[in-house]
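User: Please take a close look at one part of this model, its aromatic side chains, and go on from there to whatever adjoins the topic. Give the cut-off behind each term.

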Amino acid sequence: MADSQQSPENDTNPYENMDFPELNDFQKPEVETFTTKNGITFYLVEDTELPLINVSTRVRTGGVLNPNKKTGLASITGTVMRSGGTETYPADSLNAMLENRAASIETSIGFTSGNASMDVLKEDFEDLLPVYIDILTNPAFPEDKIELAKTQQKSSISRRNDNSQQIGVREFQKIIYGEDSPYGRTTEYETINNISREDLISFHDKHFSASNMKVGVVGDFDAEEMKQKLRNSFGELSAGDKTQLEFPEVDYEPKNSINFAEKSDVNQSFVLMGHIGGMRDNPDYAKIQVMNEVLSATFTGRLFKIIRTEMGLAYSVSGQYGMNSFYPGIFYTGVQTKSSTTAEAIDAIIEQIERLQNEPITKQELQDVKDQILNSAVFEYDSYEEVLSERMSNEYRGLPANAFEQYIEGVKATTIEDVQAVAQEYLDPDNLQILVVGNKEEIGDQLQKYGNVNEIDISIPEPGSSNKQVVEGDAEKGNAWLSKMTDAVIQPGTELNSISLSGEMNMQGQKMPMSSTITYPDEIEQTISGPMGEIKVMYEGGSGKMIAGGQERPLPPQMAKNLKSTLNRSFLSIALNAQEVDPQYVGTEEVDGTSYEKVNVTVDGSNVELLLDPETHYPDIIRYQQFNPQVGEQVTVENRNSDWHVVDGVAYPYLQETIANGNKSGEAVYESHEINQ
């Protein structure tokens, strides 16, 4: 039988014999510039392919200017400039106007600059340009839109510990730059609460003036006509004072450290390790980026090939030698790996960093990286908008107009020796700062080999009064009334180990059947039948799990904490721990025509008020303060209990209403309860 395999000399790929037409050249357009008397520099690029015009504005401002106590001010200012509209164009009418014309106007303020853009049909440009300028210069900053933006920020804060990578990036920046550095700080509930409308107005007025603006226009227009339109429209803006963007120096001391952030609801470790990076204007920029691609490029870098493919330690691995324009970047490598292989992955990464310093890379590696960078360079200028954006960005950052072309030439000129030289000069494997986010119980003692482990507290600070002030009253009467309540809800001689409840909860008009079992002191199992199916929550001793849609996942730590706090504040838990809650009688209070005996108890360091019916001794009202992450502040919560039923010596209210800051937020209606089942 004849051998059907081709001989090596005839073993060619079919595509090698195919003819391809020449690619069309991308003609990089010229950017025409001019400056008005009030200090605005304009950049124009004509593009007549479609009847569209894009306007973009770069403003010399940024979050770096935020006072520490008002971190988040710049971001909220940028959001509400657009969402709040202006006096002439209020938010609702502005939105309708833009929607009817298929146009968009957006504003934002990042850490190093402010930005605004407008996309519009050519025929609508003259009508909407005054609207765009009005938004830039005369935002109304209505209170309701400010509160909405602040609520959105607080909602983001409340979820910031949901994701291991988000935790890792945030905390690693603090490790490298320092917690007090503007480069490492984070928005908090308190910093958002500190921001007022006057702060937004002041921040805007200081920076959104002509001398701080660069404006780019690309699209279907005649350049000479556009120049006159822009002079007429922007020329009357006040020059104002030029903002001095001050970027504090980074006082970085090389050192090695091992840091750990506990996230108990995961079974993988997210690891970041590295040190301070560099500046974009470094003459070795191109060489360092080639080195970085050899080490960290997706699919082709050494970390990916070895850590992921050969060793099977991770699905994803990444890295970057960061080089910023205004302050030093960060060199980091990152990996997500099983808890049990945390140390193995760390060691493997360190080995590859050291290998870059100790061994020359291969010719093939150098060629592959150059091909990858040079082939992707075509996408740098895939549109006229990109050309314009690159030019404006370079000038804003103090880089030459041809910075990208210089980078490409630098990549072409980089040698094998260059890569090893910059690895030896800029990488410091003996002084790596390591951060692990993961499950302490599963990781065990793996991290001790790297030194003393610094445990990072990632809990979210809750501002405002937490109701922990000492309440002084009549202790003797407090004990007497609490004893009466205890005997009323758990009759003498009754042993309470657990209680099972069935009924339904009503949340925002949605009625959902539920059942729960509480085993004292700290075990809860609850099942809720919601619109999307059954949800089962199990908690015990500080942690738990949730089952929904057939999928099981660990209970988020904040949810576990809230469950435990709710249990501890319940009247049955207080009754079972009557000797530990320091009851203080503080008089009477009339609510809805009924006079109640009021007793204050201390639970988990916070005050809980029990309003007891003088005849039944039942706690008809339980009042306390609780932090609401959605509004970023403490709220007063009242649980109103009625329709009491006694089963096997234990009384329970079959109607429970929850009122937060005076507004009803929920209701539970029970059908039955059972004891010690």
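Analyst: Two rings of Phe, Tyr or Trp (for Trp, the six-membered ring) pair if their centres lie within 6.5 Å; the pair is stacked with planes under 30 degrees apart, edge-to-face over 60, and tilted otherwise. The model is predicted, so local features need pLDDT of at least 70 and side-chain atom pairs pLDDT 80 or more, while totals for chains, interfaces and linings use all residues. Residues are numbered from 1 along each chain as its sequence is written, and side-chain values rest on heavy atoms, without hydrogens or water.

Across the whole structure, 20 aromatic pairs are found. In one of them, Tyr 177 and Tyr 327, the ring centres are 5.9 Å apart and the planes stand at 70°, so the pair is edge-to-face. The two residues are 150 places apart and link distant parts of the chain: Tyr 177 belongs to helix α5, Tyr 327 to the loop between β11 (323-324) and β12 (330-338). Helices (H or I, at least four residues) and strands (E, at least two) are DSSP runs numbered from the N terminus. Tyr 177 is buried at a relative accessible area of 11%, and Tyr 327 counts as buried at 16%. Buried means under 20% relative accessible area and exposed over 50%, with partly exposed in between (1.4 Å probe, protein chains only). Both tyrosines belong to one aromatic cluster, whose other members are Phe 111, Tyr 183, Phe 247, Phe 326 and Tyr 396.

Helix α5 also leads to a pocket. It spans residues 164-177 and is among the elements that give two or more residues to the lining of the second largest pocket, together with α1 (73-83) and α4 (143-158). The most comes from α5, with five residues. The pocket has a volume of about 610 Å³. Of its 28 lining residues, Thr 71, Gln 173, Arg 185, Thr 186 and Thr 187 are the closest to the centre. On a 1 Å grid over the protein atoms alone, a pocket is an open set of points with protein on both sides within 12 Å along at least five of seven lines, a cavity is a set where a 1.4 Å probe fits but cannot get out, and lining residues have an atom within 4 Å of a point. Points are joined across faces, edges and corners, and a volume is the space filled by probe spheres set on them.

Arg 170 is another residue of α5. Its relative accessibility is 7%, so Arg 170 is buried. Leaving aside residues up to four places away in sequence, Arg 170 touches Arg 160, Asn 161, Thr 186 and Ile 458; contact here is heavy atoms within 4.5 Å. Thr 186, one of these neighbours, is also among the residues closest to the centre of the pocket.

A second aromatic pair can be set beside the tyrosines. Phe 404 and Tyr 407 are tilted, at 6.1 Å from centre to centre and 50° between the planes. Both sit in helix α14 (residues 403-413), three residues apart, about one turn of the helix. Phe 404 counts as buried at 14%, and Tyr 407 is buried at 15%.

Helix α14 in turn helps to cover the buried residues of α15, as do β8 (268-276), α9, β10 (317-321), α11 (342-358) and α12. In α15 (residues 416-426) the buried residues are Ile 416, Asp 418, Val 419, Gln 420, Val 422, Ala 423 and Tyr 426.

Two of those covering helices, α9 and α12, recur at the largest cavity. Its lining takes two or more residues from each of α9 (285-296), α10 (302-310) and α12 (363-376), and α12 gives the most, with four. The volume of this cavity is about 70 Å³, and one cavity of 30 Å³ or more is found in the whole structure. Among its lining residues are Glu 293, Arg 302, Lys 305 and Asp 368.

One more aromatic residue deserves a note on its backbone. Phe 299 is in the loop between α9 and α10, and its phi is near 75°, positive in a residue other than glycine. Most residues other than glycine have a negative phi. With a relative accessible area of 60%, Phe 299 is exposed. A tyrosine also precedes a cis peptide bond: the one from Tyr 520 to Pro 521, with omega near 15°. Pro 521 is in the loop between β16 (510-519) and β17 (523-530).
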